[in-house]
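Subject: Structure for your review

Dear colleague,

Please find below the structure that I am handing over to you. An account of what was found in it follows, arranged by region.

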Amino acid sequence: MSVFSRYSSFFDPFGEGNVVEDSDVFPKADILSGLHIDAPPPYSTLKSVLNVASAEVIPPRNDSEANGSFPLTYHARTNLEIHGQGTVIANCTGPTSLLFSLLTDNQSKPSLYAVITETSVEFWYGPTAPHGSTGYLPPDRVSIKGNVPNRKPADEASPEEDTELTTMPTTFLRPEMPYTARYWLSIDHKNGILRFGRDYTNLALTLYEATLKVEDQGVGRWIDDNYAFIDNLTTVNVQQKGGSVTAPPLQVVCQPLPVVEKLPPIILPSESITLDQLALGSVTVPANLSAECQRLYATVAGANIELDTPDFPEFSQAIERSVNTEGLLCQKMLKKKTKSDYRNTYLRITLGVDVGNSPGAPYVLEIWPAMHASPIHNHADSHAIIKVLHGKIKAYYFTSLYDARPTGPPSKLEKGDVTWIDPENYQVHQLSNENRDGSVCCTIQSYSYGKDDARHYEAFDYINKETNEFISKFMPNSDMRYDKFKAALKEEWSQRWTQNPKV
Ligand SMILES: [Fe+2]
């Protein structure tokens with residue numbers, strides 16, 4: 001069974017051909033060499049992020065180290081804005097090991113150490129490094145027990161069960177990957193949780209974690225008093241071993257908040273959310289999202305953003321008919337743009353002017369015929385709001401294009417539902433209209449780059465089953481302008497009793 005198999009609940013509209021195989025996803029590192037500059041998101045240098053702690057190369061200490069076998073070593077130092085919490089992101093290429101050392105301002109207090117290799121993550125605490133030392137790991141350090149979340153041990157799975165469906169990747173660093181990738185460490189002293197993850201900074205991408213507090217009379221208590229120094233951590237040292245002189249050096253950024261919760265994909269207006277939904281964390285509200293998502297939500301999520309309006313109350317019916325009737329406009333456009341698999345096509349009807357702040361047009365009416373699905377793709381590190389205007393669609397979410405593992409069950413979206421994407425959440429997805437009765441789904445997608453995004457990666461990358469390329473770039477295009485499309489559908493609908501579309 002392929003390690004890239006889906007959840008058993010996944011309905012695969014393409015059958016065999018749509019299963020992501022090892023060979024489809026970055027099969028050979030050497031194929032990617034030379035792509036450093038235009039690496040697909042999120043594999044790029046952090047040029048759009050402010051306050052990057054630049055790294056120094058540590059020179060060999062003696063002749064034997066300088067004798068060719070000494071790996072490149074980078075070192076970066078930065079501060080936690082808030083004592084005892086934050087997310088440290090190391091952006092590095094070809095690391096063979098990463099050492100995170102977190103210190104307090106008191107030399108006599110312990111330090112926290114996290115050592116990451118390709119196959120292991122270890123958390124430790126122990127004496128603080130002497131001043132001026134780099135890469136220090138005290139010999140008398142004490143191990144902090146952690147675990148790999150969401151992984152079911154093989155001996156707990158029944159023979160029929162595909163255990164790989166429930167696993168996350170078994171490796172941690174990717175020394176062979178030529179892209180600059182993000183590896184992150186979250187320090188959460190309030191909840192007493194340490195987490196390590198990679199690619200996108202969100203809970204679903206956690207690869208290893210340690211829980212160091214228990215609830216005691218309604219408050220968290222350290223399970224070992226020796227962990228209390230974590231409350232006072234102020235400084236972070238990051239050491240990368242490995243890499244190449246031609247690859248970008250280590251970059252480190254700190255975010256003030258730790259990785260704690262998963263924001264649900266569904267958005268409700270704040271006047272609709274209930275206490276039960278708040279307690280369950282089943283939906284979120286616009287105010288919890290990025291400023292860019294809030295702006296897009298305010299633009300496309302309103303009650304009057306709908307297809308069927310008084311001037312053309314049968315617009316959605318007309319689209320259904322046009323998609324499902326041979327010879328009519330939508331089906332003709334779909335067939336024209338089909339390369340090899342008709343079920344991989346959908347229509348992009350664009351609204352608004354491309355002002356240079358979104359991948360393609362800022363607003364797109366997407367039309368999804370029944371049993372059609374997109375490839376697994378990312379979104380150019382953009383922010384996005386998607387509202388379902390007609391029908392139903394499922395959104396499947398994945399870890400990254402690099403290994404494309406499901407991060408959980410799909411969202412089942414229906415007319416009126418609104419969902420979101422930002423540079424750290426839900427970037428890699430697949431939309432799939434799984435209605436078997438010919439029902440079409442229409443969505444409005446809206447996109448914006450982040451205000452600090454100086455890269456503007458214009459393409460959506462996707463896993464290309466048709467050409468067997470490990471990754472392809474889709475340049476967001478327009479099949480037709482909205483005003484022209486609506487007029488054409490109105491005309492087509494008005495002729496429905498006289499038209500013989502096959503003639
Ligand atoms: Fe998408």
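Two residues are said to be in contact if their C-beta atoms, placed from the backbone, lie within 7 Å. This sense of contact is needed for what covers helix H4: the buried residues of H4 are covered by elements including H5, strand E18 (363-368), strand E25 (441-448) and helix H6 (482-494). Please keep in mind throughout that this is a predicted model.

Overall picture

The protein has 503 residues, of which 42% count as buried. Its secondary structure consists of six helices and 28 strands. Among the contacts with a separation of 6 or more, 71% are between residues 24 or more positions apart.

Helix H4 and its surroundings

How many of the 10 residues of H4 are buried? Seven are, so H4 is largely enclosed by the rest of the structure. The buried residues in H4 are Phe315, Ala318, Ile319, Glu320, Arg321, Ser322 and Val323.

Two of the helices that cover H4, namely H5 and H6, may be described in turn. In general, two packed helices are described by the angle between their axes and the distance between the axes.

Helix H4 (residues 315-324) packs against helix H5 (residues 329-337) at an angle of about 50°, and their axes are 5 Å apart. That angle makes H4 oblique to H5. The crossing of H4 past H5 is right-handed. On the H4 side, the residues that meet H5 are Ile319, Ser322 and Val323, while H5 contributes Leu329, Cys330 and Gln331. By class, the residues of this contact of H4 with H5 comprise four nonpolar, two polar and no charged.

With H6, the angle of H4 is about 80° and the axes are 10 Å apart. Is H4 roughly parallel or roughly perpendicular to H6? The angle makes H4 roughly perpendicular to H6. Phe315, Ala318, Ile319 and Ser322 of H4 make this contact with Lys486, Leu489, Glu492 and Trp493 of H6. The contact of H4 with H6 has five nonpolar residues, one polar residue and two charged residues.

The seven-strand sheet

In general, the strands of a sheet pair through backbone hydrogen bonds, either parallel or antiparallel. One open sheet is formed by seven strands in the order E16-E23-E20-E25-E18-E17-E28, and its pairing is mixed. Strand E16 (266-267) and strand E28 (480-481) are the edge strands, each of which pairs on one side only. E16 is joined by two bridges to strand E23 (residues 418-421), and these two strands run antiparallel. Across this pair, Ile266 stands opposite Thr419 in E23. Two strands of this sheet, E18 and E25, are also among the elements that cover the buried residues of H4.

The four-strand sheet

Another open sheet has four strands in the order E19-E24-E21-E22, with antiparallel pairing. Which strands stand at its edges? They are E19 and strand E22 (411-414); each has a single partner strand, so one side of each is left without a neighbour in the sheet.

The pairs may be followed in the order of the sheet. E19 pairs with strand E24 (residues 429-433) in the antiparallel sense over two bridges, and Ala373 stands opposite Ser432 in E24. E24 is in turn joined to E21 by four bridges, and the two run antiparallel; here Ala395 has Leu431 in E24 as its bridge partner. Four bridges also join E21 to E22, again running antiparallel, and the bridge partner of Ile393 in E22 is Leu413. Strand E21 (residues 392-397) is mostly covered, with five of its six residues buried.

The loop residue His377

His377 lies in the loop between strand E19 (372-373) and strand E20 (383-390). This loop therefore follows an edge strand of the four-strand sheet and leads to a member of the seven-strand sheet. Is His377 buried or exposed? His377 has 24 C-beta neighbours inside 10 Å and so counts as buried, since the cut-off for a buried residue is 20 or more.

Leaving aside neighbours within four places in sequence, His377 is in contact with Phe460, Asp461, Tyr462 and Phe474. The C-alpha atoms of His377 and Asn464 are separated by 9.2 Å, although these residues are 87 residues apart along the chain.

Yours sincerely,

A colleague

Definitions and conventions:
Residues are numbered from 1 along each chain as its sequence is written. This is a predicted model: local features need pLDDT of at least 70, side-chain atom pairs count only at pLDDT 80 or more; totals for chains, interfaces and linings use all residues. Axes are lines fitted to C-alpha atoms, for helices over the stretch in contact, and angles run from 0 to 180 degrees between N-to-C directions. Angles under 35 degrees count as roughly parallel, over 145 as roughly antiparallel, 65 to 115 as roughly perpendicular and the rest as oblique. A crossing is left-handed if the near helix is turned anticlockwise from the far one by less than a right angle, and right-handed if clockwise. Ala, Val, Leu, Ile, Met, Phe, Trp, Tyr, Cys and Pro count as nonpolar, Asp, Glu, Lys and Arg as charged, and the others, Gly among them, as polar. Two strands pair if DSSP finds at least two bridges between them. A residue is buried if 20 or more other C-beta atoms lie within 10 Å of its own, exposed if 12 or fewer, and partly exposed in between; C-beta atoms are placed from the backbone.
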